[in-house]
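This report looks at how a ligand is held by the protein around it, and then turns to one helix and the residue that follows it.

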Amino acid sequence: MKPANAVLSSYGTTIFEVMSLLARETGAINLGQGFPEGLEPADLIEAAARALTTGSNQYPPMLGLPELRRALADHSRRFYGLEVDWQKEVAVTSGATEALACVLFGLIEPGDEVVLIEPLYDSYLPIIRRAGGIPKLVRVEPPHWTLPRQALEEAFSERTKLLLLNSPMNPSGKVFDADELAFLAGLLERYDAYALCDEVYEHLVFGENRHIPLMTLPGMRRRCVRVGSAGKIFSLTGWKVGWTIACPELMTPIVKAHQFLTFTTPPNLQAAVAEGLAKDDAYYDGLRSGLARRRDLLAQGLEKIGFSVLPTQGSYFLNVDFRPLGFEGDDVAFCRHITTEAGVAAIPVSAFYQQSDVTHFARFCFAKSEEALEEAIARLARHFSRS
Ligand code: PMP
C-alpha cells in the first residue's frame, strides 16, 4: 500500500482517548479527559430540542445563524467592550477545534513560523505541521508556569507568522495577566505577526484573576483572532459549537478553510447557543462559583492525601505533584497506576509537551459532580493509605 500522509501518521491516539478507554475498561472515575458532568443547563438542552422539532434541519448559512453571530458580537461587547461586526467578523464553526484548524490552514503558508507556548492542547502541532508551518516552541513549567520572556524574544523572528496563545491555559490553569499580554503584544508589533488566541476557557476564571483578550490591547484589534467554544461556556462539549472572531481581512482566508472543512454546524444547536449567550450575569457567576467550589473540594481532598496541589487561576483543571506520596515512576506510570489500582483516571502533564524532563505532575479535571469528586478523593485516600 502507498503510504498515508506522513505528518498525521506520525501521531498516535491522543492521551485523552487512551486514558478514557482505560477508565471505561476498569470502571475508574474519569477525572482525566476534560468534559463536564452535572453542569449542563437543562433550558439550553430544551431549546435545542425545540429547534430540532420546529426549526430547519437543512444547511444553515456558512458563517452561522444570524442570531448566533449577533449574540457573539453582543457577548464580545458585554464582557470585553469589543465592538464586533456580526456580519463581517464572526464565523461559527464545529467546535473550537475546527476554528483553530481554519485559522491555521487559512493563514499559514509553507515555511511560516508559529510560536507556541508548551504545555499545549494536542490539536495545535499536527495541524500547523500539516499546513506546512514550522513550530517554534517555548515552555512554561510547573509549579510556577512563569512566562519565559527571553526564550520568547529568541523564538520570534521576521519569519514568524503567528503566535498561538491559550489563556486561560490548559492544562496549567494559568491566566495570562495584563503585563504578560503587553509583552506578547510588543513582540507581535515588532515582528508584524498575528496571534491565534484560544480563549475556550474565557469564563472559567477564578478569584482576582481576569480574562483579558489579547485583542483588547492597543494595536491588537487587527492582529488577533479570537476562538471560543460553547462546549466550555455551557458545559456541553458534545455539541461542538465553536467560533472565530477577527477583522474582515483575516476572516476571509479563515472562512475559505471553513468552507472546505465542514461548511456549516448543526443549526438547532446554534440556535440554543444563541439563547445561552444572552443569559444573565447570574449564569456566568454561577458557573464560576460552582466550579471554584469543585476546585476547592478536590484541592483540599488531594492535599489531605498528601499531594502537593498547584493553584488553578482558570480552566477546569488542577495539577498535582505526586512525589510527596513516594510513587516511583513517571507521570504516565502514575496515571495508569491510579486508574487501574485506585479507580481514578488523570492525565500525565508531560503529554502536553513534545519532550519534558518534568514528569511528576498529573492533571485532574474538576468539572464533575461533587459526588464524583468526593468518591474520587475517597478512593485515592483509601489506595494511598494502603500502599
Ligand atoms: N482548546 C483547548 C485549550 C481545549 O482544552 C479544548 C477542548 N478540550 C479545545 C480547544 C477544543 O474545543 P471544542 O471541543 O470546542 O472543539
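A polar contact is taken here as a pair of N or O atoms within 3.5 Å. The model is predicted, and the distances given below should be read as computed from it.

Three side chains place a polar atom within that cut-off of the ligand, as the table sets out.

| Residue | Ligand atom | Distance |
|---|---|---|
| Thr 97 | oxygen | 2.6 Å |
| Tyr 201 | oxygen | 2.6 Å |
| Lys 232 | nitrogen | 2.8 Å |

Taken alone, the ligand exposes 400 Å², and the protein buries 93% of that area. The space that the ligand takes is the largest pocket.

The shell around the ligand consists of 13 residues, and the closest of them include Asp 198 and Ser 229 as well as Thr 97, Tyr 201 and Lys 232. Sorted by class, this shell has 5 nonpolar and 5 polar residues, together with 3 charged ones. Helix H5, which runs over residues 95-107, gives the most to the shell, with 3 residues.

Another element to follow in the model is helix H12, which covers residues 281-305 and has 25 residues. From its first C-alpha to its last, H12 reaches 36 Å, which is close to the 36 Å expected at 1.5 Å a residue. Just after H12 comes Gly 306, which takes a positive phi of about 125°.

Conventions. Residues numbered from 1 in each chain as written. Predicted model: local features only at pLDDT ≥ 70, side-chain atom pairs only at ≥ 80, totals over all residues. Heavy atoms only, no water. Near = heavy atom within 4 Å. Polar contact = N/O pair within 3.5 Å; in protein donor to acceptor, adjacent residues only side chain to side chain. Areas by Shrake-Rupley, 256 points an atom, 1.4 Å probe, with all protein chains shown as cover. 1 Å grid on protein atoms, 1.4 Å probe; cavity = no way out; pocket = protein on both sides within 12 Å on 5 of 7 lines; lining within 4 Å. Sits in = over half its atoms within 2 Å of the grid points. Helix = DSSP H or I, 4+ residues; strand = E, 2+ residues; numbered from the N terminus. Nonpolar A, V, L, I, M, F, W, Y, C, P; charged D, E, K, R; others polar. Expected span 1.5 Å × (residues − 1).
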